[in-house]
Amino acid sequence: MKPNFKALLPIGVFLILYLGSGIYYEYIHPIEGQMGFYVMSVVVSFGIALAVAFFQNKELSFDDKISLCAKAIGDDNIVIMLLIFLMAGAFSGLASQAGGAASTASLMLSVIPASLAVPGLFIIACLISMAMGTSVGTITVLIPIALEIVKSTTFSIPFLIGTVVGGAMFGDNLSFISDTTIAATRTQGVQMADKFKTNIRIALPSAVITLVILSVYTFLHPGAKMASYEYNILLSLPYFIVFFMALKGMNVFKVLGIGIILFFLIGLFSHTLTISTAFSAMSSGTSGMFETMVVTILVASISALMKAYGGFQAILEFITSHAKGKRAGMLGIFLLTGMMDIACANNTVAIIIAAPIAKEIAEQYNIDPRKTASLLDTSSCIFQAIIPYGAQLLIASSLSGISPVSIMPFLIYPYFLAIATIISMAKE
């Protein structure tokens, strides 16, 4: 297959449409009450990009191109990924409606001494995000609590908001039910537990360093007062059970299925759910995954066509001509994913775009698939945390009433995670 950079045109079209409209509506002509990067739907952008891909390469018939797309969509890993997205959505929706996340956060806040308010908030954000599988959901739950802590301390709002966002990204990167984890592992054909073990070697030291810095800062600025929070320990239990089952390597479908049943029964027992609200929450949760699922289908189709046209080969030749050795290959995967995230402001989409190319690079340089999956997920989470137009900082700034740019200097964990990732690549 001959390298053909023209085959990459669909991705260029997507970036121009999505990134261009996002910048225009976020900074040049903002629309009141709407985030600029969500005016142009990512689905519409990819739909247009797919249409462009179909108009390329006249050597293949329309039916041949449809066949290539169908085979890509029907790949085992893509089908499994789509089904996991559905179950993860149902679990997240049910858990949120039952009050599991809020109760877990309140439980932890109730046992944390006031002198450890800030590092405690970071730990809570880490654990809640790992349990929920969503950084945005964690930020939404914890920002109001962070603002309450601000009222009784001398800590700045951006500092505490940055602490929450950092913890949320830690959990998003490691959670077994996060869509980034699902996308990274399924596209590279590795088990979630194996990717977790590879990831934790990078993430945990970064989190520990962050905790030390937060603890020292809190020690130098005492005076925090913690309010009393109500919680129901039963509503927190399913999260811990799901986490430990996943950590033991249990099949993800079984893990999510048991989690859904537990939250359903405990929610009914605790009277935070009724049968109707439970089914409604599951419906809402799965609906929230539809866009991600459609993007997965569209990107799988675009990738299949670009690969058939020689686009992947062109990228591989470019990287191999500039990158010499395994470390350079890993750096290429890291930067490729990061650039995709900067362009589309969505870490899951960035992984889905970069994953097939990353797999080719990994095979070329004999990089362990577990390491590849870890790099995909870690890179996307790092860049997603620090771009001021990403959903995480936009929502955090909206809830706290401050600029997303003002939070950026206080994103301690993402910056240390980036350093740790670079060090880990250098050691290979």
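This section describes the salt bridges, aromatic pairs, surface patch and largest pocket of a predicted model.

Across the whole structure, 3 salt bridges were found. One of them joins K195 to D377, with 2.6 Å between the closest N and O atoms. Because K195 belongs to helix α10 and D377 to helix α18 (residues 369–386), this pair ties together parts that are 182 residues apart in sequence. Both partners are shielded from the surface: K195 is buried, with a relative accessible area of 1%, and D377 is likewise buried, at 0%. A further salt bridge is formed by E360 and K307, whose closest N and O atoms are 3.1 Å apart. Here E360 lies in helix α17 and K307 in helix α14, so the contact ties together parts separated by 53 residues in sequence. K307 is partly exposed, its relative accessibility being 38%. R370 and D368 form another salt bridge, in which the closest N and O atoms are 2.7 Å apart. R370 is partly exposed, at 36% relative accessible area, and D368 is also partly exposed, at 30%.

The search for aromatic contacts over the whole structure returned 12 pairs. Among them, F14 and F46 are stacked, with a centre-to-centre distance of 3.9 Å and an angle of 10° between the planes. Since F14 is located in helix α1 (residues 9–28) and F46 in helix α2 (residues 42–55), the pair ties together parts that are 32 residues apart in sequence. F14 and F46 are both buried. An edge-to-face geometry is found for Y24 and Y25, whose ring centres are 5.0 Å apart and whose planes meet at 80°. Y24 is partly exposed, with a relative accessible area of 35%, as is Y25, with 26%. Ring pairs also link Y18 with F14 and F46 in a cluster.

On the surface, L204, V208, V212, V216, F219 and L220 make a nonpolar patch of about 600 Å². Of these residues, V212 is found in helix α10, which spans residues 192–220. V212 is partly exposed, with a relative accessible area of 48%. Helix α10 also holds K195, the buried partner of D377.

The largest pocket has a volume of about 770 Å³. Its lining comprises 37 residues, and those nearest the centre of the pocket are T134, V136, D179, G288 and M289. Several helices each supply at least two lining residues, namely α4 (76–98), α5 (100–111), α7 (135–151), α14 (290–309), α17 (347–365) and α19 (391–400). Helices α14 and α17 thus contribute to the pocket lining and also carry the salt-bridge partners K307 and E360, respectively.

Note on methods
Residues numbered from 1 in each chain as written. Predicted model: local features only at pLDDT ≥ 70, side-chain atom pairs only at ≥ 80, totals over all residues. Heavy atoms only, no water. Phe/Tyr/Trp six-rings, centres within 6.5 Å; stacked < 30°, edge-to-face > 60°. Helix = DSSP H or I, 4+ residues; strand = E, 2+ residues; numbered from the N terminus. Buried < 20%, exposed > 50% of the residue type's maximum accessible area, 1.4 Å probe, protein only. Patch = residues over 30% accessible without salt bridge, like charges linked within 9 Å, V, L, I, M, F, W, Y side chains within 5 Å. Areas by Shrake-Rupley, 256 points an atom, 1.4 Å probe, with all protein chains shown as cover. Salt bridge = Lys/Arg side-chain N within 4 Å of Asp/Glu carboxyl O. 1 Å grid on protein atoms, 1.4 Å probe; cavity = no way out; pocket = protein on both sides within 12 Å on 5 of 7 lines; lining within 4 Å. Points joined across faces, edges and corners; volume = space filled by probe spheres on them.
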